[in-house]
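Student: I should like to understand the terms used for this structure. May I ask about them one at a time?

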Amino acid sequence: MKTLRLTRAVQAAVVGIAMAGSVATARADIKDYEFQLADQAIKAGPDRIITVRLINKATGKPVPDAVIFATRLDMAPDGMQEMATKVTPVPGSEPGTYRFKATLSMAGGWQLSLGAKVQGETGTVENKLVIRAEK
């Protein structure tokens, strides 16, 4: 009888350790994700397309199907954060790529601020990317 209890206890412990180990390795940290600009410089003007990639820094792979809920584009790098413009999402061309249409009314530094939720992760990916608008 003691042998049966001991065997069951060992089996339960092995299953518990296996489950705990798989949960710990399956989840990434929200800090493992970041947005990257596809192009650092874009021509100034109306209806310009800004393309960004969301990647998992640990694997280097693109992250598709993120929910981007916060976008802001302003001239904060040039000290004019009050000079903001509307940002409209447009369909991406490949998984993990996110595109936005905006009017870059003048040449200079523009800051794209993004907030996104990654499926299966807790927390928010937040990045501020600097774009150079050229004449």
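Student: Why is the contact between R72 and D74 called a salt bridge?

Tutor: In this predicted model, the closest N and O atoms of R72 and D74 are 2.7 Å apart. A salt bridge requires a side-chain nitrogen of Lys or Arg within 4 Å of a carboxyl oxygen of Asp or Glu, so the pair R72 and D74 qualifies at 2.7 Å. The structure holds 1 salt bridge.

Student: What makes D74 buried or exposed?

Tutor: D74 has a relative accessible area of 3%. Buried means under 20%, so D74 is buried. Its partner R72 has a relative accessible area of 40%; as exposed means over 50% and partly exposed lies in between, R72 is therefore called partly exposed.

Student: How do you know that β4 and β8 are paired strands?

Tutor: Two strands pair if there are at least two bridges between them. Strand β4 (residues 67-75) and strand β8 (residues 108-117) are joined by 7 bridges, so they pair, and they run antiparallel. One of the residues involved is I68, whose bridge partner in β8 is A116.

Student: In what order do the strands of the open sheet lie, and what makes β2 and β5 its edges?

Tutor: The open sheet has 5 strands in the order β2-β9-β8-β4-β5, with mixed pairing. Both β2 (41-43) and β5 (80-85) have a single partner strand, so one side of each lacks a neighbour in the sheet. On average, neighbouring strands of this sheet are turned by 40 degrees against each other, direction ignored.

Student: Which aromatic pair does the structure contain, and why is it called edge-to-face?

Tutor: The whole structure has 1 aromatic pair. F35 and Y98 form it, with 6.4 Å centre to centre and 75 degrees between the planes. Ring centres must lie within 6.5 Å, and planes over 60 degrees apart count as edge-to-face, so both values meet the terms. F35 belongs to strand β1 (residues 33-37) and Y98 to strand β7 (residues 97-104), so the pair ties together parts 63 residues apart in sequence. Both rings belong to buried residues, because F35 has 3% relative accessibility and Y98 has 13%.

Student: Where is confidence lowest, and where is it highest?

Tutor: Helix α1 (residues 2-26) has the lowest confidence, at a mean pLDDT of 51, whereas β8 has the highest, at 98. Over residues 20-26, pLDDT stays under 50, and the model has 0 contacts beyond four places in sequence for them. Where pLDDT is low, the predicted coordinates should not be read in detail. The chain as a whole averages a pLDDT of 87.

Definitions and conventions. Residues are numbered from 1 along each chain as its sequence is written. This is a predicted model: local features need pLDDT of at least 70, side-chain atom pairs count only at pLDDT 80 or more; totals for chains, interfaces and linings use all residues. Side-chain values use heavy atoms; hydrogens and water are left out. Helices (H or I, at least four residues) and strands (E, at least two) are DSSP runs, numbered from the N terminus. Axes are lines fitted to C-alpha atoms, for helices over the stretch in contact, and angles run from 0 to 180 degrees between N-to-C directions. Buried means under 20% relative accessible area, exposed over 50%, partly exposed in between (1.4 Å probe, protein chains only). pLDDT is the predictor's confidence in each residue, from 0 to 100. Contact means heavy atoms within 4.5 Å. Rings of Phe, Tyr and Trp (its six-membered ring) pair if their centres lie within 6.5 Å; planes under 30 degrees apart count as stacked, over 60 as edge-to-face and the rest as tilted.
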